[in-house]
Amino acid sequence: MLRIGWFSTGRGEGSRGLLRFFCDAIADGRLKASIEFVFSNREPGEAEGSDAFFELARSRGLPLVTLSSSRYRRERGGGMARHRDGFDHEVMELLRDYRTDVCVLAGYMLICSGEMCRRYPLLNLHGALPDGPIGTWQSVIWQLIETRATRTGAMIHLATEEVDRGPALSHCVVPIVGDAFDADWQALAGRDVAEIREVEGEANPLFQRIRAEGYRREPHLMLATLQAVAEGRLTVRPGQALDGDGNPLRDQYPSGLSLTDEIEAAIAAEGAA
């Protein structure tokens, strides 16, 4: 039984949907695991979105631990980067009695300190391929549009002090040309991306389509990755990604396990249900 720690700011429906998805996967036996705790860097009463997330966690019987990073920063002055180490030290103190095999960063809006990355194997979802753009998912999509990319995807990697560049565990590929994409690309012909961002922003049809195709695959990628860990096909330790034989995963899979076929099969089954 894989023991999971769940880190999330819990800002909106995306965070709630991901937690529901995994609670259901555990309940119906697709994932042999338990969620040992849910941690949020917000506290009750801080925002409507996170309050709804807390209610969901409680309704599923999950231990909830909170510490407001916003309050922590205000009480000490200065930006969060200045207080990252101190905040994470307090978080780890709050979580010290929980035993986990792996932790998931699921919409957790803070960069983890080096100490936390060395304490826990932290699985982070990044909405791009291992050799793709870094940054927020919004930034990634604009970079894809600007470079006229033909594919994107998502990856699960271990969080390290080097943001979005920790060892890759898995990835899936998403084509962003052909079929419905072609008309959206053609609509941008001759236009400057800066103009598109200013005039249309995230309402642009191509932006929305790229996001939708990635978003629907992300929960399945995380699930397939955790299934591989639970089954022993992957071993994760703080800062280390190993194959089932205990060898560095990158030796055989520099970009992590390719799970595209598994993800597409899961989405097809979901659509047929």
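The questions and answers below walk through a predicted model, from its sheet to its helices and to a few single residues.

Q: What is the order of the strands in the open sheet of eight strands?
A: Strands of a sheet pair through backbone hydrogen bonds, either parallel or antiparallel. In this open sheet of eight strands the pairing is mixed, and β3 and β10 (257-258) are the edge strands, each pairing on one side only. Read across, the order is β3-β2-β1-β4-β5-β6-β7-β10.

Q: Is strand β2 mostly covered or mostly open, and how many of its residues are buried?
A: Strand β2 spans residues 33-40 and is mostly covered. A residue counts as buried when its relative accessible area is under 20%, and among the eight residues of β2 the number that are buried is six.

Q: Which residue of β2 is the bridge partner of tryptophan 6?
A: Strand β1 (residues 2-7) and β2 run parallel and are joined by six bridges. The chain passes from β1 through helix α1 (residues 13-27) to β2, in a β-α-β crossover that is right-handed. In β2, the bridge partner of tryptophan 6 is valine 38.

Q: Which residue in β3 does phenylalanine 39 stand opposite?
A: Three bridges join β2 to strand β3 (residues 64-66), and the two strands run parallel. Within β3, the residue that stands opposite phenylalanine 39 is valine 65.

Q: Through which helix does the chain cross from β2 to β3, and what is the hand of this crossover?
A: The connection from β2 to β3 is a β-α-β crossover, and the helix on its path is α2 (residues 48-59). The hand of this crossover is right-handed.

Q: Are α1 and α2 roughly parallel or roughly antiparallel to each other?
A: The two helices pack with their axes 9 Å apart and at an angle of about 10°. Angles under 35 degrees count as roughly parallel, and α1 and α2 are therefore roughly parallel.

Q: How do the residues of the contact of α1 with α2 divide into nonpolar, polar and charged?
A: From α1 the contact is made by Ser15, Arg16, Leu19 and Arg20, while α2 brings Gly49, Ala52, Phe53, Leu56 and Ala57. These residues divide into five nonpolar, two polar and two charged.

Q: Which residue in β7 does glycine 153 stand opposite?
A: Strand β6 (residues 151-158) and strand β7 (residues 168-175) run antiparallel and are joined by seven bridges. Opposite glycine 153, in β7, stands valine 173.

Q: At what angle to β7 does helix α9 run?
A: Helix α9 (residues 205-230) lies across several strands of the sheet, including β1, β6 and β10. Its direction relative to β7 is given by an angle of about 150°.

Q: Is arginine 148 buried or partly exposed?
A: Arginine 148 sits in the loop between α6 (137-146) and β6, and its phi is positive, about 55°, although it is not a glycine. With a relative accessible area of 38%, arginine 148 is partly exposed.

Q: What is the relative accessible area of aspartate 179?
A: Aspartate 179 is found in the loop between β7 and α7 (180-186), and has a positive phi of about 50° although it is not a glycine. Aspartate 179 is exposed, with a relative accessible area of 78%.

Q: Is aspartate 184 buried or exposed?
A: Aspartate 184 lies in helix α7. Leaving aside neighbours within four places in sequence, aspartate 184 is in contact with Pro205, Leu206 and Arg209. At 12% relative accessibility, aspartate 184 counts as buried.

Note on methods:
Residues numbered from 1 in each chain as written. Predicted model: local features only at pLDDT ≥ 70, side-chain atom pairs only at ≥ 80, totals over all residues. Heavy atoms only, no water. Buried < 20%, exposed > 50% of the residue type's maximum accessible area, 1.4 Å probe, protein only. Helix = DSSP H or I, 4+ residues; strand = E, 2+ residues; numbered from the N terminus. Pairing = 2+ DSSP bridges. Right-handed = clockwise from strand over helix to strand, strands pointing away. Axes fitted to C-alpha atoms, helices over the stretch in contact; angles between N-to-C directions. Parallel < 35°, antiparallel > 145°, perpendicular 65-115°, else oblique. Contact = heavy atoms within 4.5 Å. Nonpolar A, V, L, I, M, F, W, Y, C, P; charged D, E, K, R; others polar.
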